[in-house]
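This report treats selected side-chain and backbone features of one protein model. The sequence and the structure are shown first, and the discussion follows.

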Amino acid sequence: MAHGVAHAGEGRLADRAYSQIVEIINAGDLQIGDRLPSEPRLAEMFGMSRTVVREALVRLAADGITEARRGAGSYVMRRPSERLGAHMPMAELSATLGTYEVRFVLEAEACRLAAMRRSPEQMETIQRAMEALREALHSNGPAHEEDWVLHRSIFEATANPAFVAAFDHLEEGIYRILRAGIDISRARPSEAIGAMITEHEMVVEAIRAQDADAAALAMRWHLSQGRKRLMP
């Protein structure tokens with residue numbers, strides 16, 4: 001029990017270290033391609049152990065913000081959009097982006113199962129959700145609810161309540177990401193929203209064709225592009 005509490009404490013410290021490194025990057029002192037301060041230096045700056053800083057750097061690399069180069073340290077690859085701050089505190093950025101790792105596994109497999117198991121009625125529900133999302137994205141109003149409904153309708157088509165429960169457990173973090181992704185994309189050329197629609201359509205069409213591998217691949221592509229959209 002004590003070990004679990006200690007590990008949870010380290011996790012929260014790693015979240016703080018993650019946020020502080022993002023603040024250093026966003027402050028403009030570092031450009032894309034620049035090297036971050038060394039792990040020992042970051043530990044000294046934050047008053048944290050190197051183990052905690054190392055965990056934060058691993059997460060940053062997983063989220064595509066930095067890149068670790070063997071024997072050379074970590075380098076800035078992307079700068080999180082400043083608009084992210086309107087949707088989540090920077091202190092929660094690590095935990096929120098961390099849901100992507102879970103979604104890559106969970107949603108790809110949900111699409112695979114939905115393609116194999118969906119009923120004609122469930123396919124109609126997925127198609128209606130797709131049409132509602134397309135309309136919402138073309139409007140100037142919110143579209144995150146329609147986005148959530150489409151993704152959840154795919155989970156319902158797995159015929160496995162455990163998948164739905166697991167997805168619902170991530171709702172808060174996913175809602176933040178959906179809002180942020182749509183807001184950031186609308187601030188860019190119209191092609192960004194068009195790409196978002198196309199990605200969803202690829203998922204829906206693969207499920208319609210009952211092509212399990214294509215459905216899983218389409219969802220992984222959509223999620224990878226969604227994570228990139230959170231960066232300028």
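## Aromatic pairs and local backbone features

In this predicted model, five aromatic pairs are counted, the criterion being ring centres within 6.5 Å. One of them joins Trp 148 and Phe 167, which are stacked, with 4.5 Å from centre to centre and 10° between the planes. This pair connects distant parts of the chain: Trp 148 belongs to helix H6 (residues 144-156) and Phe 167 to helix H7 (residues 161-169), and the two residues are 19 residues apart. Trp 148 has a relative accessible area of 6% and is therefore buried, the cut-off being under 20%. Phe 167 is likewise classed as buried, because its relative accessibility is 0%.

A further aromatic pair is formed by Phe 155 and Phe 163, whose rings are tilted at 45° between the planes, with a centre-to-centre distance of 6.4 Å. Both of these phenylalanines, Phe 155 and Phe 163, are buried. The residues of the two pairs come together with Tyr 175 in one aromatic cluster, made up of Trp 148, Phe 155, Phe 163, Phe 167 and Tyr 175.

Arginine side chains also lie over the faces of tyrosine rings. Arg 69 is placed over the face of Tyr 75, at 4.0 Å from the ring centre. For Arg 103, the ring is that of Tyr 100, and the distance from the ring centre is 5.4 Å.

Arg 69 also takes part in strand pairing: its bridge partner in S2 is Gly 73. The strands concerned are S1 (residues 66-69) and S2 (residues 73-76), which pair in the antiparallel sense over four bridges. Three residues lie between the strands of this hairpin, and Gly 71 there adopts a positive phi near 75°.

Positive phi values also occur elsewhere in the chain. The table lists residues with this feature, together with their places.

| Residue | Phi | Place |
|---|---|---|
| Ala 159 | near 65° | loop between H6 and H7 |
| Gln 210 | about 55° | loop between H9 (191-208) and H10 (212-229) |
| Gly 47 | near 65° | following H2 |

Neither Ala 159 nor Gln 210 is a glycine. Their accessibility is as follows. Ala 159 counts as exposed because its relative accessible area is 58%, the cut-off being over 50%. Gln 210 has a relative accessible area of 45% and so is classed as partly exposed.

The helix preceding Gly 47 is H2, which spans residues 39-46 and has Glu 39, Leu 42, Ala 43 and Phe 46 as its buried residues. These buried residues cover an arc of only 100° around the axis, so they lie on the same side of H2.

The confidence of the prediction remains to be considered. The protein chain has an average pLDDT of 90, and 95% of the residues score at least 70. Residues 1-8 have a pLDDT below 50, and in the model this stretch makes zero contacts beyond near neighbours in sequence. Where pLDDT is low, predicted coordinates should not be read in detail.

Note on methods:
Residues are numbered from 1 along each chain as its sequence is written. This is a predicted model: local features need pLDDT of at least 70, side-chain atom pairs count only at pLDDT 80 or more; totals for chains, interfaces and linings use all residues. Side-chain values use heavy atoms; hydrogens and water are left out. Rings of Phe, Tyr and Trp (its six-membered ring) pair if their centres lie within 6.5 Å; planes under 30 degrees apart count as stacked, over 60 as edge-to-face and the rest as tilted. Buried means under 20% relative accessible area, exposed over 50%, partly exposed in between (1.4 Å probe, protein chains only). A charge sits over a ring if NZ of Lys or CZ of Arg is within 6 Å of the ring centre and within 35 degrees of the ring normal. pLDDT is the predictor's confidence in each residue, from 0 to 100. Contact means heavy atoms within 4.5 Å. The arc is that of the directions from the helix axis to the C-beta atoms. Two strands pair if DSSP finds at least two bridges between them.
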